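Open the model in your viewer and keep the selection panel at hand. The tour moves from stop to stop.

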Amino acid sequence: MSEVLEDNSVKESLINITTDLASDDFSRYLIDRMHQLEQRNLFLKEQQLKTEAEKRKANSQKLKFERELRQLRSEMERLKAAPLIVGTIVDVLENDKLIVRSSTGPQFIVGLSKFIKESELEPGTQVAMNQQTLAVISILPPSKSRLIREVELVKSPDVDYSQIGGLKEQIREIREAVELPLSNPEAFVRIGIDPPKGVLLYGPPGTGKTMLAKAVAKHTDTCFIRLVGSELVKKYIGEGARMVRELFKLAIDNAPSIIFIDELDSIAAKRYDGATAGDREVQRTLMQLLAEMDGFNPRGEVRLLAATNRLDILDPAILRPGRFDRFIEVKLPDADARESIMMIHSRNMTLSKNIVFKYLAKITDGSSGSDLKAIVTEAGMFAIRNERECVEVEDMENAVTKVLNHRKNSNQIVENMFQ
Ligand SMILES: Nc1ncnc2c1ncn2[C@@H]1O[C@H](COP(=O)(O)OP(=O)(O)OP(=O)(O)O)[C@@H](O)[C@H]1O
Ligand SMILES: [Mg+2]
């Protein structure tokens, strides 16, 4: 009996051991499996994040393509849209009706879009019209021709009175004629006279006429519209005259302003019979200029300034009182003016103490402002060539000889040409 018992207990313990062993294996197996599953889980999570990022990217790309598609569609619509007809309002009638002239000539009574404000409807305004019904769809901005955009519109030029040598009397006169009517118009009203309409600067080349005009504009802080007369000479009939009209309109829109026509002789030369078609076109431009000058109010905020070095060839009509009626002669500088012009242009140069400008002014008799500027610059060039620290008297003297000789020679060449 005890043997049987022993046997049983042995068996039990054996089973226990095997179950122990089996459960160890199993738990190890389970732990392994768990690790594997955890790793798998991690991998899948990573995978998921990656796919989500890709999805987001694809989504944003989709949006981008959709936007592009919309843009291309609207561009296609725009290109396929029927053209609009350009017309000009002739008259505004009641009940939202207009008389317009189409660009081909005939006039029509048409309706208009309700988005157009009544205040924008003025005879002469350009409009866009539907091709079939000719209904006015939109108002076009006032057409500024390409020509007028070429005009130099400077808010404030960079020349100051202090940069002008001599010309004291001229500066005073020009300020009276141009600045005063802009800054103190009451003075003219009080005395009961009209300020001069146009001021004409005349004199030999290079004496500072253009500079003077710029300095006035700078000082008055006005809009300065500068153009050279030859820019008004155009290829097609009527173009020059239109440009003059637009020029005055531009000046009025930007008032207070100064219109400065440089080299006036290119359009305002004397008119004569038997002119060619080209001459007649220039004359038309001149007549438009005369008409505009007659039309604008002298007390208004637009001043007209012009410069020429050929007063003798100007048309008398432009010089009569009421047009260019204030003449300012800009002469060749005298000795004092020459001295100050040279001092102005050598302000930033390193000069030897031995240079006496009074002496230089004496030996440069007959030179213009631009000659004097050339002399000073040339002296600087000589100093550089001679590897000096500063400009010496000798450099100045050489420059005077060089520039004045050069001028004499070129004058001689011109004289010989006409012999
Ligand atoms: N009085 C002056 N003071 C200082 N610089 C001057 C003077 N006069 C002329 N100059 C110099 O000469 C250059 C030419 O002057 P500006 O263009 O004013 O001459 P202009 O009288 O208009 O000549 P043009 O009749 O040939 O047009 C200026 O840039 C300036 O450097
Ligand atoms: Mg000039």
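Select Glu263 first. This is a predicted model, and in it Glu263 is partly exposed, because 19 other C-beta atoms lie within 10 Å and a buried residue needs 20 or more. Glu263 sits in the loop between β9 (257–262) and α7 (277–295). Check its backbone: phi is positive, about 50 degrees, although Glu263 is not a glycine. Most residues other than glycine have a negative phi.

Next, select Glu387. Is it buried or exposed? Glu387 counts as exposed, because it has 6 C-beta neighbours inside 10 Å and the exposed class takes in 12 or fewer. Its place is in the loop between α11 and α12 (393–417). Here too phi is positive, near 50 degrees, in a residue other than glycine.

**The five-stranded sheet**

Now colour the strands of the open sheet. It has five of them, in the order β3-β2-β1-β4-β5, with antiparallel pairing. Which strands stand at the edges? They are β3 (107–110) and β5 (136–139). Each has a single partner strand, so one side of each is left without a neighbour in the sheet. Turn the view along the sheet: the twist from one strand to the next averages 45 degrees.

Zoom in on β4 (residues 126–129) and β5. They pair in the antiparallel sense over three bridges. Pick Ala128, and opposite it in β5 you will find Ser138. The two strands form a hairpin, with six residues between them. Stop in the turn at Leu134, where phi is positive at about 60 degrees.

**Around ligand 1**

Select ligand 1 and show its shell. How many residues surround ligand 1? There are 18, and Pro205, Gly208, Thr210, Gly369 and Ser370 come nearest. By type, the shell divides into seven nonpolar, nine polar and two charged residues. Show the helices next: α5 (209–220), α9 (335–345) and α11 (369–385) each supply at least two residues of this shell.

Then colour by domain. Why does ligand 1 lie between domain 3 (147–329) and domain 4 (335–417)? Both domains give residues to its shell, so ligand 1 lies between them.

**Helix α9**

Stay with α9 and show its side chains. Ala337, Arg338, Glu339, Ile341 and Met342 are buried there. Against what do the buried residues of α9 pack? Their partners are α10 (357–363) and α11. Recall that α9 and α11 also supply residues to the shell around ligand 1.

**Strand β11**

Go to Phe327, in strand β11 (residues 324–329). Phe327 is partly exposed, because 15 other C-beta atoms lie within 10 Å, between the limits of 12 or fewer for exposed and 20 or more for buried. Leaving aside neighbours within four places in sequence, Phe327 is in contact with Leu200 and Tyr202. Add Ala177 to the selection. Phe327 and Ala177 are 150 residues apart along the chain, yet their C-alpha atoms are separated by 10.0 Å.

**The whole chain**

Zoom out to finish. The chain's secondary structure comes to 12 helices and 11 strands. Of the 419 residues in the chain, 28% are buried. Turn on the contacts with a separation of 6 or more: 73% of them join residues 24 or more positions apart.

Note on methods:
Residues numbered from 1 in each chain as written. Chains lettered and ligands numbered in written order. Predicted model: local features only at pLDDT ≥ 70, side-chain atom pairs only at ≥ 80, totals over all residues. Helix = DSSP H or I, 4+ residues; strand = E, 2+ residues; numbered from the N terminus. Contact = placed C-beta atoms within 7 Å. Pairing = 2+ DSSP bridges. Axes fitted to C-alpha atoms, helices over the stretch in contact; angles between N-to-C directions. Near = placed C-beta within 6 Å. Nonpolar A, V, L, I, M, F, W, Y, C, P; charged D, E, K, R; others polar. Domains from an automatic or database assignment.
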